[in-house]
Amino acid sequence: MLYLKSLVNVLDNSGAQIVECIKVLGKNPKNCARIGDRMVVVVKKAKPIPASLAGTVAAQQKLRRGDIRHAVVVRTKQPTQRPDGTQIRFDDNACVLLQPNTTDPVGTRVTGVVARELKEKGYNKLVLLAPRSV
Amino acid sequence: MLNIARSSNKVAYLTAPLAVLNMMPLVHTRNYQLNMRTENVVKVYKPPQRLVPPGKDVLKLTQEKLFERYDPDGEKRKLFSRKNIMSPRAGDIMQVTKKDKSTFIGMLLALNRNGLGTTILLRTRIHGIGVENRFQVYNPDIEKIEILRVPTVRWPKEKYYFIRGLKKYDTGDLDALLRKERRKEAKRLEAENETK
């Protein structure tokens, strides 16, 4: 249940740590983002870029506060109903940043579990990168 | 003459003078009967076979039928029955095996007994994140439910929702913990065999 202004953890090595939802894509304005939904986010908190990387290409690729990207929701606190009758619920809200108009993640790594629904929605690469899907 | 008339009208008419007969009005009578009453004819059929034998509760009977359909062995019913002393309680560590052999291990936070709608809520911690899964017990997809471990000390609570996010009481990565224990046991058994 992620709306405008909700803060979400980031699960990749793109440099962003916490992002804020500014738009839920492909939905009614009243609707919220659940697992597998896409949204536009703005970076609120980013990892500081180490001094050793300053001026290199790698430093330019890292995200900074205020950057805007697309993201897909991978975990929610709100229980998600599955077709087999079970409900899955995680302890936090988390997302993975995506390149615009694709299903490929911005980073090269995904840390932490993701929900199994992503595979059905076409985010195969993301699920493969994740250490485990529940 | 009067006496005769009293005893029988017929005789009276006969004995009466003709003038009297002429003065009497003509009476039209009919010798047949009209069927004035219409009868509503209803066909009577044989009663169909009773679905529920007399004296039995419909709700209970249907529930029994459904239980037999979704739990033919009766193992799940036996495990979750209120009469079973060893039935799961909050705090137990349980494992759910599905038909596709995927498993989920977790601590039981809540058991909601509701007939066929009985559910269990299992919680575990995977890669540092708490994951909770609610299972429908009588789902035909679920092959087996078993209790792996029973705690030595129980908190006096029916539901264990309070452990969420509390470092002192929260579950660890139960899957990893059990794997580690199994490895240890295997090693111990190997060592025993070597000494023999």
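What share of the contacts in chain B with a separation of 6 or more is accounted for by residues 24 or more positions apart? In this predicted model, such residues account for 53% of those contacts. Chain B has 196 residues, of which 28% count as buried. The chain exposes about 15,800 Å², and carbon and sulfur atoms supply 55% of that area.

Chain B contains six helices and five strands. Read from the N terminus, five helices come before the five strands, and one further helix follows them, giving the order α-α-α-α-α-β-β-β-β-β-α.

The strands of chain B take part in an open sheet of seven strands that also includes strands of chain A. The order across this sheet is 5(A)-6(A)-4(B)-3(B)-2(B)-1(B)-5(B), with antiparallel pairing. Strand 5 of chain A (residues 80–81) and strand 5 of chain B (residues 142–149) each have a single partner strand, so they stand at the edges, and one side of each is left without a neighbour in the sheet. The partner of strand 5 of chain B is strand 1 of chain B (residues 93–98), and six bridges join the two in the antiparallel sense. Within this pairing, B:Thr97 has B:Lys144 in strand 5 of chain B as its bridge partner. Helix 6 of chain B, which spans residues 174–195, packs on the sheet. Helix 6 touches strand 1, strand 2 (103–112), strand 3 (119–126) and strand 5 of chain B, and its direction makes about 125° with that of strand 2 of chain B.

Aromatic side chains were examined next. A pair of aromatic rings is described by the distance of the centres and the angle of the planes. Over all chains, a search of the whole structure finds five aromatic pairs. For B:Phe67 and B:Tyr138, the ring centres are 5.2 Å apart and the planes lie at 70°; planes over 60 degrees apart count as edge-to-face, so this pair is edge-to-face. B:Phe67 belongs to helix 4 of chain B (residues 58–70), whereas B:Tyr138 lies in the loop between strand 4 (129–136) and strand 5 of chain B. The two residues are 71 residues apart, and their pair links distant parts of the chain. Both B:Phe67 and B:Tyr138 are buried.

One aromatic cluster is formed by B:Trp155, B:Tyr160, B:Phe162 and B:Tyr169. A charged group also accompanies a ring of this cluster: the charged end of B:Lys157 sits over the ring of B:Phe162, at 5.7 Å from its centre.

Notes. Residues numbered from 1 in each chain as written. Chains lettered and ligands numbered in written order. Predicted model: local features only at pLDDT ≥ 70, side-chain atom pairs only at ≥ 80, totals over all residues. Heavy atoms only, no water. Helix = DSSP H or I, 4+ residues; strand = E, 2+ residues; numbered from the N terminus. Buried < 20%, exposed > 50% of the residue type's maximum accessible area, 1.4 Å probe, protein only. Contact = heavy atoms within 4.5 Å. Areas by Shrake-Rupley, 256 points an atom, 1.4 Å probe, with all protein chains shown as cover. Pairing = 2+ DSSP bridges. Axes fitted to C-alpha atoms, helices over the stretch in contact; angles between N-to-C directions. Phe/Tyr/Trp six-rings, centres within 6.5 Å; stacked < 30°, edge-to-face > 60°. Lys NZ or Arg CZ within 6 Å of the ring centre and 35° of its normal.
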